[in-house]
Amino acid sequence: MFIKNVMINLKKYSFLLQQLVSRDFKVKYKRSVLGIVWSLLYPILTMIVMAIVFSNVFKFSTPDVNYLAYLLSGLVMFNYFSEASNLSMSSVVANFGLLNKIYIPKYIFPLSKCLFVGINFLLTLIPLYIVLLATGTGVNWYHIFLPYAYLCLFMFTLGMGFILSAVSVFLRDMFYIYGIIVMMWTYLTPIMYDIKMISEELQPWLKLNPLYHYINFAREIILYGRIPQPFTWTICLLSSVAVLLIGVIVFKKTQDKFIYYV
């Protein structure tokens with residue numbers, strides 16, 4: 001019943017969803033000289049800085065694959081999660097004025113943020129493929145399976161967005177706490193380094209991180225030119241669906257109380 005209501009509301013409020021996504025684009029690139037080009041430049045510039053630091057200062061390397069391709073393939077996915085979850089967290093609080101005037105399904109707000117950042121994410125795939133071609137990593141037909149990893153990442157991020165947006169209504173300190181959590185999450189996810197550099201005792205703990213599996217799924221295809229193992233397909237799907245369901249339950253059970261915390 002809930003899923004049916006969600007689908008009906010998505011159809012009914014599709015125009016509003018489009019307007020929210022459009023508004024985010026206008027706000028983000030307002031008075032920006034380069035505009036949407038920043039979506040292409042940002043991951044490249046970030047990659048260059050991180051590559052210089054981690055490959056030259058800390059001497060990180062990735063055997064058998066190009067380090068720039070390794071770094072950027074993980075960076076674009078983690079950046080999507082980080083930006084989308086951060087924006088989703090404040091989406092309900094930032095729209096309290098609108099919620100007080102008319103009825104709108106509240107889950108529209110975190111959903112719109114995940115979709116908005118998702119469009120930016122698709123744009124960042126352009127510099128990723130430029131790097132893949134420039135470094136000789138190349139492209140193979142297995143890339144047709146990449147949308148599976150991206151869909152799992154989207155569902156996981158949306159679930160986190162529901163949880164964070166609900167919690168932040170009642171606990172405004174969450175805006176500051178989550179910044180620290182994301183910073184820790186960044187270093188606990190093998191983005192800049194190969195997980196094999198970590199001791200075998202710690203590796204199983206790092207693999208509890210769902211983001212590791214989404215990124216690893218993509219890297220298996222992008223860097224190593226092979227289809228991921230069935231376990232990887234399964235863990236990606238189960239972890240993303242589980243977090244999305246938890247997020248939906250948390251948001252649904254708390255949304256009626258939002259009005260009291262304006």
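How many of the residues of the chain count as buried? Of its 262 residues, 48% do. Keep in mind during this tour that you are looking at a predicted model.

**Stop 1: the whole chain**

Start with a cartoon view of everything. The chain has 11 helices and 0 strands, so as you follow the sequence from its start you will read the pattern α-α-α-α-α-α-α-α-α-α-α.

**Stop 2: an aromatic pair**

Now show the rings of the aromatic residues. The whole structure holds 16 aromatic pairs. To look at one of them, select Tyr 148 and Phe 217: their ring centres are 5.4 Å apart and their planes meet at 35 degrees, so this pair is tilted. Colour the helices and you can see that the pair joins distant parts of the chain, with Tyr 148 in helix α7 (residues 146-170) and Phe 217 in helix α10 (residues 210-222), 69 residues apart.

Which of these two partners is buried? Switch on the surface to look: Phe 217 is, at a relative accessible area of 0%. Tyr 148, with 22% relative accessibility, counts as partly exposed, because the buried class stops under 20%.

Next, widen your selection. Tyr 148 and Phe 217 belong to one aromatic cluster together with Trp 141, Tyr 142, Phe 145 and Trp 233.

**Stop 3: helices α7 and α11**

Stay with α7 and add helix α11 (residues 230-254) to the view. The axes of these two helices come within 8 Å and cross at roughly 25 degrees. That angle is under 35 degrees, and α7 and α11 are therefore roughly parallel to each other. Turn the model until one helix lies in front of the other, and you will be looking at a left-handed crossing of α7 and α11. Colour their contact by residue class to find 20 nonpolar and 6 polar residues, with no charged ones.

**Stop 4: just past α11**

Follow the chain onward to Lys 257, which sits in the segment after α11. With a relative accessible area of 48%, Lys 257 is partly exposed. Now select Ala 166 as well: its C-alpha atom is 9.7 Å from that of Lys 257, although the two residues are 91 apart along the chain.

**Stop 5: around Tyr 70**

For the last stop, centre the view on Tyr 70. What lies over the face of its ring? Select Arg 219 and you will find it there, at 3.6 Å from the ring centre.

Then add Asp 194, in the loop between α8 (174-188) and α9 (203-206). Is Asp 194 buried or exposed? Its relative accessible area is 12%, so Asp 194 is buried. Draw a line from C-alpha to C-alpha, and Asp 194 turns out to be 8.9 Å from Tyr 70 in space, with their positions 124 residues apart in sequence.

Definitions and conventions: Residues numbered from 1 in each chain as written. Predicted model: local features only at pLDDT ≥ 70, side-chain atom pairs only at ≥ 80, totals over all residues. Heavy atoms only, no water. Phe/Tyr/Trp six-rings, centres within 6.5 Å; stacked < 30°, edge-to-face > 60°. Helix = DSSP H or I, 4+ residues; strand = E, 2+ residues; numbered from the N terminus. Buried < 20%, exposed > 50% of the residue type's maximum accessible area, 1.4 Å probe, protein only. Lys NZ or Arg CZ within 6 Å of the ring centre and 35° of its normal. Axes fitted to C-alpha atoms, helices over the stretch in contact; angles between N-to-C directions. Parallel < 35°, antiparallel > 145°, perpendicular 65-115°, else oblique. Left-handed = near helix turned anticlockwise from the far one by under 90°. Nonpolar A, V, L, I, M, F, W, Y, C, P; charged D, E, K, R; others polar.
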